[in-house]
Amino acid sequence: DHSAIPVKVVCDDVADINMQNASVVVMNYTLQFIPLETRLNLLNKIQTGLHAGGAFLLSEKIVVDDKEENQGLIDLHHEFKRLNGYNDLEIAQKRSAIENVLVPETQEKHIERLYQAGFKSVQQISQALNFVTFLAIK
């Protein structure tokens, strides 16, 4: 036994999970696929399922308001994909497949919604290009 801390890993539809007395909830690149109108309800459910002082780690792709800056981040991400073996056709096909399915939002909107969901503290703790991670504490 390497740890005295019990860990429960759940692989399921996030909308169907009944969270209770959780210490930490991690949501990596998932919220962006949830319909805009149900995102706050899901975050409320997560916040309610955490115990006092519990942590929520949310990683998401973001957009920035400045169109040139946003396009620059997208271009850098595509170059990263090329450097990792993807060709232009594969990049275009992936972009087409997720268009209007993956709906990213601004950093500010994510922070605002986390506070609306009842989190007491929200910090952006990491960013690589247009991918960020937030730490929200109940």
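**Reading a four-stranded sheet and its core**

Tutor: Ala128 stands opposite Phe131 in strand 4, and this pair makes a good place to start reading. This is a predicted model, in which local features need pLDDT of at least 70 and side-chain atom pairs count only at pLDDT 80 or more, while totals for chains, interfaces and linings use all residues. Residues are numbered from 1 along each chain as its sequence is written, and side-chain values use heavy atoms, with hydrogens and water left out.

Student: How many helices and strands does the protein have?

Tutor: Helices (H or I, at least four residues) and strands (E, at least two) are DSSP runs, numbered from the N terminus. By that reading the protein has four helices and four strands, and along the sequence they follow the pattern β-α-β-α-α-α-β-β.

Student: Which element has the lowest mean pLDDT, and which the highest?

Tutor: The pLDDT is the predictor's confidence in each residue, on a scale from 0 to 100. Among the elements, helix 3 (residues 88-98) has the lowest mean, 83, and helix 4 (residues 107-116) the highest, 98. The protein as a whole averages 91, and 98% of the residues score at least 70.

Student: In what order do the strands of the sheet lie?

Tutor: Two strands pair if DSSP finds at least two bridges between them. Here four strands form an open sheet with the order 1-2-4-3 and mixed pairing. Its edge strands, each pairing on one side only, are strand 1 (22-28) and strand 3 (121-128). The twist averages 15 degrees from one strand to the next.

Student: In which sense, parallel or antiparallel, do strand 1 and strand 2 pair?

Tutor: Strand 1 and strand 2 (residues 50-61) are paired in the parallel sense over six bridges, and Asn28 has Ser59 of strand 2 as its bridge partner. Strand 2 and strand 4, by contrast, run antiparallel and are joined by seven bridges, with Leu57 opposite Leu135 in strand 4. Strand 3 and strand 4 also pair in the antiparallel sense, over seven bridges, and there Gln123 stands opposite Leu135.

Student: How many residues lie between the strands in the hairpin of strand 3 and strand 4?

Tutor: This hairpin has two residues between its strands, and Leu129 takes a positive phi near 55 degrees.

Student: Which strands does helix 1 touch?

Tutor: Contact means heavy atoms within 4.5 Å, and axes are lines fitted to C-alpha atoms, for helices over the stretch in contact, with angles running from 0 to 180 degrees between N-to-C directions. Helix 1 (residues 36-49) packs on the sheet and touches strand 1 and strand 2, its direction making about 145 degrees with that of strand 2.

Student: Which residues have the most contacts inside the largest nonpolar core?

Tutor: In soluble globular proteins, nonpolar side chains tend to be buried together. A residue is buried under 20% relative accessible area, exposed over 50% and partly exposed in between (1.4 Å probe, protein chains only). A nonpolar core is a set of buried Ala, Val, Leu, Ile, Met, Phe, Trp, Tyr and Cys residues joined through side-chain atoms within 4.5 Å. The largest core here has 22 residues, and those with the most contacts inside it are Met27, Ile46, Phe56, Leu114 and Phe119. Strand 1, helix 1, strand 2 and strand 4 (131-137) each supply at least two residues of this core. Leaving aside neighbours within four places in sequence, Leu114 is in contact with several residues, including Leu43, Phe56, Phe119 and Phe134. Strand 4 is mostly covered, with five of its seven residues buried.

Student: Is Arg113 buried or exposed?

Tutor: Arg113, which has its place in helix 4, counts as buried because its relative accessible area is 4%. Beyond neighbours within four places in sequence, Arg113 is in contact with Leu31, Arg39, Leu40, Leu43 and Glu105. Arg113 and Asn44 are 69 residues apart in sequence and 9.4 Å apart in space, C-alpha to C-alpha. Val10, in the segment before strand 1, counts as partly exposed because its relative accessibility is 43%.

Student: What share of the residues in the whole protein count as buried?

Tutor: Of the 138 residues, 33% count as buried.
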